[in-house]
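The following report describes a protein chain for a reader who has the sequence and coordinates at hand. The account moves from a loop residue to the sheet and then to the nonpolar cores.

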Amino acid sequence: MEQAVNIQDIPIRELIRSAQEARKRAYVPYSGYAVGAAVLTRELRIYTGCNIENASYTPTICAERCAISKAVSEGNRKFKAIAVMGGPQGEDGGQFAFPCGVCRQVMREFSDPKEFLVITAKSEEEYRVYRLEQLLPESFGPENLMKEG
Ligand code: THU
């Protein structure tokens, strides 16, 4: 049985700092919208990601999926929380950035939506915390494809 996630147990400031650092590495020549993300694994490791755009547009990857892909490719498939920071490149903390629908669905694949925390931050001091279930209600996930028995 998984332990319930207490917000107090999540190193929120460290996650935000990590997302902030990753955001500096965003490659955004087309949108100019830079995003950084930091995901916390069940084993309390942090993996970071930034958005990486492409001249052909559709190969662009969001910061959240970049971070999750790095973690999964290193053998981590259970996550507790993700911090996200985004906004116009070169500007700090102007807005709360929310993960896109595709990223929410990828978070859903590797977490319990009732437990997983999505932290959107303007700074280490100014942030909002949501459960994934709030941002992706009535979701479709791996259990829906599990065979009975
Ligand atoms: N983007 C993210 O990195 N995360 C999101 O959840 C929303 C969108 C990126 C993709 C693209 O590089 C830029 O923001 C504008 O859509």
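## An exposed loop residue, a mixed sheet and two cores

R25 is placed in the loop between α1 (12-23) and β1 (33-41) of what is a predicted model. Because its relative accessibility is 52%, and the cut-off for exposed is over 50%, R25 counts as exposed. Leaving aside neighbours within four places in sequence, R25 is nevertheless in contact with T48 and C50. Its C-alpha atom is separated by 11 Å from that of A37, a residue 12 places away along the chain.

The sheet itself is open and is formed by 5 strands in the order β2-β1-β3-β4-β5, with mixed pairing. Since β2 (46-50) and β5 each have a single partner strand, they stand at the edges, and one side of each is therefore left without a neighbour in the sheet. On average, and with direction ignored, neighbouring strands of this sheet are turned by 20° against each other. Helix α2 (residues 63-73) lies across β1, β2 and β3 (79-88), and runs at about 140° to β2.

At the β5 edge, strand β4 (residues 117-121) and strand β5 (residues 127-131) run antiparallel and are joined by 5 bridges, while the connection from β4 to β5 is a hairpin through 5 residues. Two of the opposing positions are set out below.

| Residue in β4 | Opposite residue in β5 |
|---|---|
| L117 | R131 |
| V118 | Y130 |

In a regular strand the side chains alternate between the two faces of the sheet.

Which residues touch the most other members of the largest nonpolar core? Within this core of 20 residues, they are V39, I82, M107, F116 and V118. At least two core residues are supplied by each of β1, α2, β3, α3 (101-109) and α4 (132-135), and α2 gives the most, with 4 residues. Apart from this core lies another, of 14 residues, which includes V5, I12, M85 and I119.

V118 connects the description of the hairpin with that of the largest core, as it stands opposite Y130 in β5 and is also among the core residues that touch the most other members. Not counting residues up to four places away in sequence, V118 touches I82, P99 and M107, together with R128, V129, Y130, L132 and L135. Of these, I82 and M107 are themselves named among the residues with the most contacts to other members of the core.

Methods
Residues are numbered from 1 along each chain as its sequence is written. This is a predicted model: local features need pLDDT of at least 70, side-chain atom pairs count only at pLDDT 80 or more; totals for chains, interfaces and linings use all residues. Side-chain values use heavy atoms; hydrogens and water are left out. Two strands pair if DSSP finds at least two bridges between them. Buried means under 20% relative accessible area, exposed over 50%, partly exposed in between (1.4 Å probe, protein chains only). Contact means heavy atoms within 4.5 Å. Axes are lines fitted to C-alpha atoms, for helices over the stretch in contact, and angles run from 0 to 180 degrees between N-to-C directions. A nonpolar core is a set of buried Ala, Val, Leu, Ile, Met, Phe, Trp, Tyr and Cys residues joined through side-chain atoms within 4.5 Å.
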